[in-house]
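Biologist: I'd like to learn how to read a model like this one, feature by feature. Can you walk me through it?

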Amino acid sequence: MIETARGRAVGPAPPLRRRGPDLIRYIRTHQTRLTPVLLLAPAILTMLFVVAMPLAFSLWTSLTPYRLTRPETIETFIGLRNYIRLFQDEDFWAAFGRTILFLAIALNVEFLLGLCIALLINKITWGQRMLRTIMMFPMMFSPILVGFQFKFIFNDNIGILNNALQSLGITDQAIAWLVDGRLAMFSIIFAEVWMSTSVFAILLLAGLFAMPRDPIEAARVDGCNPWQVFRHITLPFLMPFAFIAMTIRSLDVARAYDIVAVMTDGGPAGRTELLWTMIARTGYENARMGQANAMAYISTILSIAFTYYFFTKLVAARRYMGGAE
Amino acid sequence: MSSISLKKVAKSYGRLEVVHGIDLDIAHNEFVVLVGPSGCGKSTTLRMIAGLEEITEGEIHIGDRLVNDLPPRKRNISMVFQNYALYPHMNVRDNLGFGLKIAGQPQEVVDERVREAAAILGISELMDRIPAELSGGQRQRVAMGRAIIRDPEAFLFDEPLSNLDAKLRVQMRTEIKKLHHKVKTTVVYVTHDQVEAMTLADRIVIMKDGHIEQVGTPMEVFNHPVNTFVASFIGSPPMNLVPATVAGGQIVLSDETRMPVPRRLASYTHDGMAVIVGIRPDDMTPVGHGIHDSGETANLSLTVELAELLGTETLIYTRLAGQEVQGKMFDPRDVHEGERLPFRVALDKLHLFDAASGRSVRAT
């Protein structure tokens with residue numbers, strides 16, 4: 001047996017199948033080798049129960065015709081049939097595309113609005129702290145409540161928006177915000193943007209606070225007008241902060257369910273159906289859990305793709321963050 | 001490559017005035033150093049020239065243009081900042097070429113000029129690195145490269161060397177001097193380090209509390225300081241300043257130590273005048289270790305309190321009329337604390353200041 005520099009004993013593997021006193025003696029003599037395993041055990045067990053086992057379970061069910069109403073179907077293995085069926089399912093791909101569109105629009109609008117808000121608040125000297133707090137109010141509400149609120153705002157009969165538009169004489173008939181397919185999508189995105197723009201605003205504001213003044217002054221002396229300073233200096237400096245916000249929000253939006261479920265529940269005629277409302281409908285209402293899990297696996301890949309994309313952007317942008325001063 | 005002139009320039013922040021109507025004319029291709037302790041308004045003055053601070057009162061001309069209301073980008077000046085202020089997300093090449101690109105120069109011109117500037121500063125191998133991957137000295141070079149590349153009317157330096165370590169600072173100081181010989185341009189350079197000021201400047205502007213105390217060549221401000229502030233600020237170690245009175249053609253210190261009033265200053269003094277005597281450490285040496293008795297000299301006997309060996313010379317801390325003063329021993333031998341040494345003072349280099357105003361007796 002050799003003592004290594006790390007104090008760990010390295011030797012020939014002990015014979016297996018020891019029992020009783022032999023096992024105890026084995027543990028005693030190999031205590032140092034077991035220590036790291038014991039110390040890591042809680043973390044490993046937690047990961048196993050929280051992540052690995054549910055994942056394995058859902059992966060298995062996606063390979064079965066599992067229906068919640070007939071538990072015994074979980075034992076029938078049907079291979080990739082659920083997935084094959086999905087690839088031929090136009091409704092699913094429509095929801096998939098709609099989710100990507102939803103993500104793209106919501107994230108970009110939130111980024112632009114958040115940037116404007118952050119830039120404005122950064123300019124304020126008096127009452128900045130209070131505005132920062134007020135700005136976070138929308139984040140304090142449950143998405144379900146936000147959904148209900150906007151459902152009533154956009155209601156075509158009693159909604160405050162139509163009421164206002166008609167009182168102001170902008171339109172003389174009720175606009176069916178949540179009934180028309182396009183307008184319904186717009187309404188949902190509006191609610192989503194209202195609720196989450198402050199995530200961008202807060203992170204971008206943090207970026208503006210952290211921004212050194214010197215490069216901006218250098219750029220002004222170098223011949224930049226205010227727009228060029230923003231375009232070439234401020235914005236690149238803020239991008240890592242934007243990518244952090246995008247990473248967080250892409251996960252949020254990719255699993256958007258509550259607001260949609262409350263406001264339109266995927267309607268009218270599936271025109272606002274996103275991946276997760278479709279998965280929930282398939283899994284819980286139609287009780288086809290095997291099929292739903294197959295969908296969930298595909299949408300998880302979508303989430304990972306978005307997150308990975310923003311994360312690589314973030315890592316690339318962070319490279320130069322140390323060179324600011 | 002223009003002259004710069006400041007006329008009664010003042011700067012206030014709210015009610016607090018930090019620069020009080022200063023006048024300064026900087027000639028074409030001149031290297032002017034603004035020097036002074038922190039808070040004296042030197043950086044503010046520079047930033048007003050750059051256009052980064054608004055001018056509260058007065059006028060600034062660059063060339064023959066009044067630039068008071070011009071934004072920095074229209075003043076055609078380059079600035080090197082204390083913290084380098086490189087663009088962190090651009091590599092060295094883009095940092096250098098940014099100003100030209102913004103000015104709408106064609107890519108070939110930009111490339112050519114970037115290559116030239118990089119060659120002048122010896123940073124050609126660093127072109128693809130980003131600032132985070134550069135050392136302090138390299139960043140400083142890039143910052144200077146960015147300044148020279150645009151061929152501006154003037155360079156402004158805002159304490160460019162204060163973030164570098166001592167050795168590198170000396171090295172870069174020489175390089176700035178060489179650069180100015182190579183790229184003839186008007187330079188305004190701000191520093192709090194009087195050594196930098198002395199070594200670099202064609203003319204030094206010494207500032208204090210928002211006023212200009214003295215403007216002159218390094219030799220002028222060193223040999224003829226107009227007041228005690230300039231006298232103590234320029235020169236290292238600083239000039240010894242000891243209060244005294246003039247009586248019967250003699251300078252009498254508080255402990256009755258006497259030395260004659262130097263001949264060249266005699267006409268400026270009168271009996272009973274309260275003065276401050278200024279003696280540079282170099283002009284107060286132990287007998288036989290520096291000053292020869294050929295000139296106008298006086299002798300003192302002083303006790304060594306501390307000796308600092310510098311190799312070619314030894315700094316001797318002693319006490320004159322109850323006040324700590326420093327002398328220098330050239331061609332040194334060993335001295336020990338408490339040793340009583342005869343000192344010789346070079347009277348022809350002695351300074352006298354009016355005790356009340358602090359101004360040189362020659363100036364009043």
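Biologist: Let's start with cysteines. Is Cys224(A) buried or exposed?

Modeller: Keep in mind that this is a predicted model. Cys224(A) is buried, because its relative accessible area is 3% and the cut-off for buried is under 20%. Over in the other chain, Cys40(B) is buried too, with a relative accessible area of 1%.

Biologist: And how many disulfides does the structure hold over all chains?

Modeller: The general idea first: a disulfide is a covalent bond between the sulfur atoms of two cysteines. Here the count over all chains is zero.

Biologist: Now pockets. How do I go about reading one?

Modeller: You roll a probe the size of a water molecule over the atoms, and that shows where empty space is left. In this model, the largest pocket holds about 480 Å³ of space. Its lining is made of 14 residues, and Asn122(A), Lys123(A), Leu208(A), Ile216(A) and Thr234(A) are the ones nearest the centre.

Biologist: Which helices each supply at least two residues of that lining?

Modeller: In chain A, look at helix H4 (90-123), helix H9 (214-221) and helix H10 (226-254). H10(A) gives the largest share, four residues.

Biologist: What is the lining of the largest pocket like by class?

Modeller: Eight residues are nonpolar, two are polar and four are charged.

Biologist: On to strands. What should I have in mind when I look at one?

Modeller: In a regular strand, the side chains alternate between the two faces of the sheet. Take strand S20 of chain B, residues 340-346: this strand is mostly covered, with five of its seven residues buried.

Biologist: How many bridges join strand S15 of chain B to S20(B), and which way do the two run?

Modeller: Strand S15 (residues 284-286) is joined to S20(B) by three bridges, and the two run antiparallel. To find the pairing by eye, go to Pro286(B), whose bridge partner in S20(B) is Phe343(B). Then turn to strand S16 of chain B, residues 297-303, which is joined to S20(B) by seven bridges, again antiparallel. There, Leu302(B) has Leu341(B) as its bridge partner.

Biologist: What about salt bridges? How many does a search of the whole structure find?

Modeller: The total over all chains is 22. To read one, check the distance from a side-chain nitrogen to a carboxyl oxygen, with 4 Å as the limit. Arg70(A) and Glu72(A) make a good exercise: their side chains meet at 3.6 Å, N to O. Then ask how open each partner is. Arg70(A) counts as partly exposed at 45% relative accessibility, and Glu72(A) is also partly exposed, at 47%.

Biologist: Which parts does the salt bridge between Arg281(A) and Asp265(A) tie together?

Modeller: That pair meets at 3.9 Å, N to O. Arg281(A) sits in helix H12 (residues 275-285) of chain A, while Asp265(A) is in the loop between helix H11 (258-263) and H12, so the pair ties together parts 16 residues apart in sequence. Asp265(A) is partly exposed, with a relative accessible area of 36%.

Biologist: Is there one to look at in chain B?

Modeller: Try Arg258(B) and Glu256(B), whose closest N and O atoms are 3.4 Å apart in a salt bridge. Arg258(B) is partly exposed at 41% relative accessibility, whereas Glu256(B) counts as exposed at 53%. Salt bridges can also share partners: Arg213(A), Glu217(A), Lys11(B), Arg47(B) and Glu53(B) are joined into one network that way.

Biologist: Last one, the backbone. What counts as out of the ordinary there?

Modeller: Most residues other than glycine have a negative phi, and most peptide bonds are trans. Against that background, the bond from Ser236(B) to Pro237(B) is cis, with omega near -5 degrees. You'll find Pro237(B) in the loop between helix H8 (228-233) and strand S11 (240-247) of chain B.

Biologist: And where is Ala287(A) found?

Modeller: In the loop between H12 and helix H13 (289-318) of chain A. Ala287(A) has a positive phi of about 65 degrees, although it is not a glycine. This alanine, Ala287(A), is buried, with a relative accessible area of 8%. Compare Asp209(B), with phi near 50 degrees, in the loop between strand S9 (203-208) and strand S10 (211-216) of chain B. Asp209(B) is partly exposed, at 48% relative accessible area.

Technical notes. Residues are numbered from 1 along each chain as its sequence is written. Chains are lettered from A and ligands numbered from 1 in the order in which they are written. This is a predicted model: local features need pLDDT of at least 70, side-chain atom pairs count only at pLDDT 80 or more; totals for chains, interfaces and linings use all residues. Side-chain values use heavy atoms; hydrogens and water are left out. On a 1 Å grid over the protein atoms alone, a cavity is a set of points where a 1.4 Å probe fits but cannot get out, and a pocket is an open set with protein on both sides within 12 Å along at least five of seven lines; lining residues have an atom within 4 Å of a point. Grid points are joined across faces, edges and corners, and a volume is the space filled by probe spheres set on the points. Ala, Val, Leu, Ile, Met, Phe, Trp, Tyr, Cys and Pro count as nonpolar, Asp, Glu, Lys and Arg as charged, and the others, Gly among them, as polar. A disulfide is a pair of cysteine sulfur atoms within 2.5 Å. Buried means under 20% relative accessible area, exposed over 50%, partly exposed in between (1.4 Å probe, protein chains only). Two strands pair if DSSP finds at least two bridges between them.
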